[in-house]
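Thanks for asking me to take a look at this one. Here are my notes, in numbered points, so you can follow along in the viewer.

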Amino acid sequence: MRLRLFSLVFLSLLGLAAASAHALEVRVDAPEELKPLLEQYLETARAVRLGEALTDEELLRLQQTSLVTAHELLATEGYFSPQISSTIEGAGANQRVRYSVVPGPRTLVGAIDIRFEGRLVETPQADAAKDTLEARNKRLRKRILDNFALKPGMPFRQADWDAAKNTALRPLLRSTYQAARLASSEARVDPAAQRASLSLVIDSGPAFFYGPLQISGNERYPASVIAALNPAVTGEPVRQQQMQDYQQALDATGYFSQVIVLVNPDPAVAAAAPILVTVVERKEQQLSFGVGYSTDTGARVQTTYLHRDIFGSGERLKLELKLEHLESSALAELAWPRSARGYENRTSLSFLQEEIEGQDTDSWKTVISRNRKRDRIDATLSLQYQFENQTVDSLPTVQNEALSLGYAWMHRTDGRAFYPVRGHITNLQASVASESLLSKTSFVRLYGRHTEYFKLGDKGRLLLRGELGAVMAEHLEGIPTDFLFRAGGENSVRGYKHESLGLNVAGAVQSVRNLATASIEYNYFFTPTWGAALFVDAGDAADSIDELSPAVGAGVGVRYKSPIGPINVDLAYGQETEEFQVHFQLGVAF
């Protein structure tokens, strides 16, 4: 019956593409929920859509065939005792084929019998408390039985029955049983009782355990780059989620344009199943360019050179030059391949020149860092030395210097979407420097930022953001600008110029030791790509906590989900300045 229905679906789809006059009309008198199904797949209806000119004999044959098809279609919806009649009315071009359908009582799901074969069979002698595999099997059996999609009393539909069988296998395929299959399935229908008794036999097959790693497709980069990220331990039970995490980790390295990770599902090798990794490599060297514009820092052009295997063991060299109206920077960075435990080591040298709100800074920085990514947590431990020359308006140039030990921790559940509607991003940072170790001033710096996303209806979202920062030091003299704070701008307090909230000194705005900002924003998307925003921001930066006096900005914005990333345009009014500010950002890489 399924093969016949498949053929009907295929032919009907072909019929949708035809557009020509037809010589007859088909009318189906049936309950509204069944009419679309019958009108789509009955042979006479298909002939109408194709515009076929039918002889009387051909029309009669299609009419009778459609009666059989109607019974089959209704059976898939749980109606096994329908009353269906058909008549041909009129003649010539005015012919009409009418179907009258009384579906009768719908068959409901009755008894459900699910049995297990293979290693998933319950062993009465096994002690689940002592046998790890048996304990896992017990949980799997319970999950399959408890979550089976069909329940007694539900309407019986063939599509629901097929979906329920496939879903029952998923817990096994996601665990140790990579060769799990449906050994048999049966739906016994009793038309008189309008009940369908379901039976299902699930064969788990053998339990799979990790074996050797088998890599294919790598030519430019050493296999050690792939092997180093392998989280599996030989002899341990296979877990599909672990293999998915492995694939994502390889994707994130930047060495490959495509990665496929799977375990060989052959039951013959289940005791030591090979892990099959297939990769498509990116070019060893890459030169890219980019342009952009931001109302905070102006127009931007940048170029990046990347060598993904500079020393032959997967070390990545990155050289980047960025020129902006208010900021310009240069970077040289060397990164080592990430390990299976999630660690990646980097070292870099960079130069930054910026001229913002009367504070001019030329800064050299060298950093040694170790980053670790595990699940949704990204943590970095770094040792940084920074030396800068800073001039505030017409005041004499000062030199700031610090050797700092820093730790940054980020937890995110937003899924990294352009416009996430659920989840959060939490960023915490701490740094410490001592005057006795290559630093002009001893200080401790603490910073935290949290953004929470809430879905409101089908098209809306609410965004809440809070930010706090503090530098504990006797004074701010000698502390490099990177460790201090200013507020204002598109990612801070809209309605005010970029980093225009801070300490006013001789007509300029100087970075200070304390920061507090907050924001609430509502987005509504009228189409899948275009939306609007309403927001209120508040915050300030001051050299002492007592001097913090929140400046308020409020406004409206446009949101566009472009193919290259989100584009936000905001018009905000600053309560303190009584002026409007436009905030806009766009960047394109090529």
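1. A cut-off to start with: helix angles under 35 degrees count as roughly parallel, over 145 as roughly antiparallel, 65 to 115 as roughly perpendicular, and the rest as oblique. Keep in mind too that this is a predicted model.

2. With that in hand, go to helix α3 (residues 43–50) and helix α4 (residues 56–76). They pack with their axes 7 Å apart, at an angle of about 125°. That angle falls in none of the named ranges, so α3 and α4 are oblique to each other. On the α3 side the contact is made by Glu43, Thr44 and Ala47, and on the α4 side by Leu62, Gln63, Thr65, Ser66 and Thr69. What kinds of residue make up the contact of α3 with α4? They divide into 5 polar, 2 nonpolar and 1 charged.

3. Next, helix α5, which covers residues 132–146. Its 15 residues reach 21 Å from the first C-alpha to the last, close to the 21 Å expected at 1.5 Å a residue. Which residues of α5 are buried? They are Leu133, Glu134, Ala135, Asn137, Leu140, Arg141 and Ile144. Note that Glu134 and Arg141 are on that list along with the leucines. As background, an α-helix has 3.6 residues a turn, so residues three or four places apart point the same way. The cover over the buried residues of α5 includes β4 (108–117), α6 (158–173) and β6 (195–203).

4. Two of those covering elements, β4 and β6, also belong to an open sheet. Three strands form this sheet, in the order β4-β6-β5, and the pairing is mixed. β4 and β5 (181–190) are at the edges with a single partner strand each, so one side of each has no neighbour in the sheet. From one strand to the next, the twist averages 10°.

5. Where does the mixed pairing come from? β4 and β6 pair in the parallel sense, over 8 bridges, while β5 and β6 run antiparallel and are joined by 9 bridges. If you want residues to click on, Phe116 has Ile202 of β6 as its bridge partner, and Glu186 stands opposite Ser199 in β6. The hairpin of β5 and β6 has 4 residues between the strands, and Gln194 there takes a positive phi near 55°.

6. There is another open sheet of 3 strands, ordered β7-β9-β8, again with mixed pairing. Here the edge strands are β7 (210–216) and β8 (256–263), each pairing on one side only. The twist averages 15° from one strand to the next. Helix α8 (residues 240–252) packs on this sheet and touches β7, β8 and β9, and its direction makes about 165° with that of β8.

7. Staying with that sheet, β8 and strand β9 (residues 273–281) run antiparallel and are joined by 7 bridges. Phe256 is a handy place to look, with Glu281 in β9 as its bridge partner.

8. Further along the chain, strand β18 (residues 423–433) and strand β19 (residues 443–456) pair in the antiparallel sense over 11 bridges. β19 also runs antiparallel to β20, and 13 bridges join those two. His450 is a good residue to centre on: it is the bridge partner of Thr426, and its own partner in β20 is Gly466. In the hairpin of β19 and β20, with 3 residues between the strands, Gly457 takes a positive phi near 70°.

9. Last, two glutamates whose backbone is worth a look. Phi of Glu499 is near 55°, a positive value in a residue other than glycine. Glu499 lies in the loop between β20 (460–472) and β21 (503–505). Phi of Glu578 is likewise positive, near 55°, and this residue is in the loop between β26 (565–574) and β27 (579–589). Is Glu578 buried or exposed? At 59% relative accessibility, Glu578 counts as exposed, because the cut-off for exposed is over 50%.

Notes. Residues are numbered from 1 along each chain as its sequence is written. This is a predicted model: local features need pLDDT of at least 70, side-chain atom pairs count only at pLDDT 80 or more; totals for chains, interfaces and linings use all residues. Side-chain values use heavy atoms; hydrogens and water are left out. The expected span of a helix is 1.5 Å times one less than its number of residues. Buried means under 20% relative accessible area, exposed over 50%, partly exposed in between (1.4 Å probe, protein chains only). Contact means heavy atoms within 4.5 Å. Axes are lines fitted to C-alpha atoms, for helices over the stretch in contact, and angles run from 0 to 180 degrees between N-to-C directions. Ala, Val, Leu, Ile, Met, Phe, Trp, Tyr, Cys and Pro count as nonpolar, Asp, Glu, Lys and Arg as charged, and the others, Gly among them, as polar. Two strands pair if DSSP finds at least two bridges between them.
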